[in-house]
Amino acid sequence: METYAQALLYAIPFFIALLLVEIFYGYVRNRQKHRVLDSVSSISSGLTNIVKDSLGIGLVIVSYPLLLESFSLVSIQATWLVWLIAFVVIDFAGYWNHRLSHRINVFWNQHVIHHSSEEFNLACALRQPISNLIGYFTLFLLPAALLGVPTEVIAILAPIHLFAQFWYHTQHIGKLGWLEYVIVTPSQHRVHHAINPEYIDKNLGQVLCIWDRWFGTFQKELEHLPPQYGVLKPAATWNPVVINFQHLWQLTLDAWRTRSLKDKLRIWFMPTGWRPDDVKMRYPLRRIEDVYNFEKYETQASTALKYYAVLQMSCTLALMLFMFYNYGEIGFKGLLLFVAFVFTAIFGYTSLMDLRRYAIWIELFRALAGLLLIAYTGDWFGLNAFYPIGSTLMVIYFIGTLCGGIYFAYLEKRLFNSNNMVLK
Ligand SMILES: [Zn+2]
Ligand SMILES: [Zn+2]
């Protein structure tokens with residue numbers, strides 16, 4: 001996992017640079033595709049994902065080396081041809097995994113976060129799951145194992161394949177000529193993120209678009225049908241941790257509430273969005289009917305709160321980069337504690353963005369825990385070795401977040417009292 005942390009250390013500044021270019025470009029062209037709170041929520045979701053993934057938490061059903069050992073028909077060397085074959089096989093596996101995530105209720109839970117933004121921009125690419133706790137993706141790599149593709153090739157290609165899906169989340173690039181027939185382009189992926197009936201569940205490819213053309217899920221972007229982004233059952237929160245488990249919670253509630261035993265069992269594996277008839281009647285859910293005229297989620301945050309959210313996110317990002325930089329030194333137990341701080345930070349400031357009163361309690365708890373840890377260890381996970389005043393800065397940071405929480409929850413309380421949540 002340490003190599004993954006290293007790869008991220010290089011990838012993250014690159015992603016941030018591209019994001020800033022997109023925001024700047026949107027600004028000068030007067031076609032801004034970012035909303036502050038939405039982008040903060042997206043980036044924060046990316047932070048939760050990489051932090052969780054770097055720990056390697058989750059149950060892996062079968063590891064690739066084991067699959068290779070059990071099923072390889074031939075043994076091959078890592079020549080350029082093997083790299084090429086492996087890339088195509090990973091992409092093919094990615095297509096089917098993505099299709100499964102879209103089509104089956106229980107699998108949708110770990111993918112809905114990616115579609116939960118009602119905007120479409122580079123930040124939205126960073127909305128990646130933390131609810132993928134059971135690692136079954138390796139099963140889709142059986143063709144690679146049969147062909148004897150070495151483990152190292154898969155280990156190197158998998159993150160490259162994932163990072164290659166970042167660039168096409170933008171509205172600033174039009175159609176790309178002949179490339180539209182080979183790779184997934186921004187135009188095709190706009191269709192994928194759209195909820196227009198003509199577009200939904202289309203273009204499931206990840207790098208190559210040939211699978212969609214082959215298996216009948218391809219749809220090109222049409223001039224007269226501008227894509228409308230989001231999900232049919234809106235998340236209605238900026239909190240990425242909540243979005244990650246919202247659908248699973250709904251399924252659990254429905255399974256509990258339905259009187260039919262058959263429905264209790266089958267709800268998990270029915271098509272995405274399916275609900276038992278009796279709970280549908282008794283507990284209706286808000287669902288977007290008119291995709292061209294729905295109200296996007298927005299909270300009545302003041303400009304100060306928006307800036308504060310950006311500041312909190314930047315501090316959390318800096319903390320996380322330090323965690324990756326000092327990964328080996330911190331040790332596994334220390335990492336678990338560090339990750340808990342990162343998650344609580346994100347939970348706290350996104351709850352504040354949602355204008356939730358309980359945000360103040362989260363901020364209070366985190367600040368006190370942080371201050372106690374610094375008092376007890378005299379350091380912040382080895383930060384003092386890099387900056388002698390590191391732990392002093394952390395003390396200022398924690399006191400600052402506490403004051404920020406109190407300021408917004410009490411001094412700007414008119415925001416919290418005004419309907420709490422407002423849909424624009
Ligand atoms: Zn998708
Ligand atoms: Zn996407």
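This report describes confidence, one helix pair and several individual residues in a predicted model.

The protein has an average pLDDT of 92, and 96% of the residues reach a score of at least 70. Residues 419-424 fall below a pLDDT of 50, although this stretch has 20 contacts in the model beyond near neighbours in sequence. Where pLDDT is low, the predicted coordinates should not be read in detail.

**A helix pair**

Two packed helices are described by the angle between their axes and the distance between the axes. For helix α2 (residues 36-55) and helix α15 (residues 327-353), the angle is about 155° and the axes lie 10 Å apart. Because angles over 145 degrees count as roughly antiparallel, α2 and α15 are described in that way, and their crossing is left-handed. The residues of α2 that take part include L37, V40, L47, V51 and L55, while those they meet in α15 include F332, L336, V339, F343 and M353. Polar residues also belong to the α2 side, among them S41, S44, T48 and K52.

**H193 and D263**

H193 is placed in the loop between α9 (186-192) and α10 (210-214), and with 3% relative accessibility it counts as buried. Setting aside neighbours within four places in sequence, H193 is in contact with H114, H115, F120, C124, H169, Q228, Y229 and G230. With one of these, H114, the side chain of H193 forms a polar contact of 3.1 Å. Y229 is 36 residues away from H193 in sequence, yet the two C-alpha atoms are 5.7 Å apart in space.

D263, by contrast, belongs to a helix, α12 (residues 261-266). This residue also counts as buried, since its relative accessibility is 9%. The side chain of D263 makes a polar contact of 2.9 Å with the side chain of R266, and, leaving aside neighbours within four places in sequence, D263 is in contact with T258, W274 and P276.

**Residues with positive phi**

Most residues other than glycine have a negative phi. D201 and F381 are residues other than glycine in which phi is positive, and the table sets out their values and places.

| Residue | Phi | Loop | Relative accessibility |
|---|---|---|---|
| D201 | near 60° | between α9 and α10 | 25%, partly exposed |
| F381 | near 50° | between α16 (359-377) and α17 (390-411) | 16%, buried |

The loop that holds D201, between α9 and α10, is also the place of H193. Under 20% relative accessibility a residue counts as buried, which is why F381, at 16%, is placed in that class, whereas D201, at 25%, counts as partly exposed.

Key:
Residues are numbered from 1 along each chain as its sequence is written. Chains are lettered from A and ligands numbered from 1 in the order in which they are written. This is a predicted model: local features need pLDDT of at least 70, side-chain atom pairs count only at pLDDT 80 or more; totals for chains, interfaces and linings use all residues. Side-chain values use heavy atoms; hydrogens and water are left out. Helices (H or I, at least four residues) and strands (E, at least two) are DSSP runs, numbered from the N terminus. Buried means under 20% relative accessible area, exposed over 50%, partly exposed in between (1.4 Å probe, protein chains only). A polar contact is a pair of N or O atoms within 3.5 Å; within protein, one must be able to donate a hydrogen and the other to accept it, and residues adjacent in sequence count only if both atoms are side-chain atoms. Contact means heavy atoms within 4.5 Å. pLDDT is the predictor's confidence in each residue, from 0 to 100. Axes are lines fitted to C-alpha atoms, for helices over the stretch in contact, and angles run from 0 to 180 degrees between N-to-C directions. Angles under 35 degrees count as roughly parallel, over 145 as roughly antiparallel, 65 to 115 as roughly perpendicular and the rest as oblique. A crossing is left-handed if the near helix is turned anticlockwise from the far one by less than a right angle, and right-handed if clockwise.
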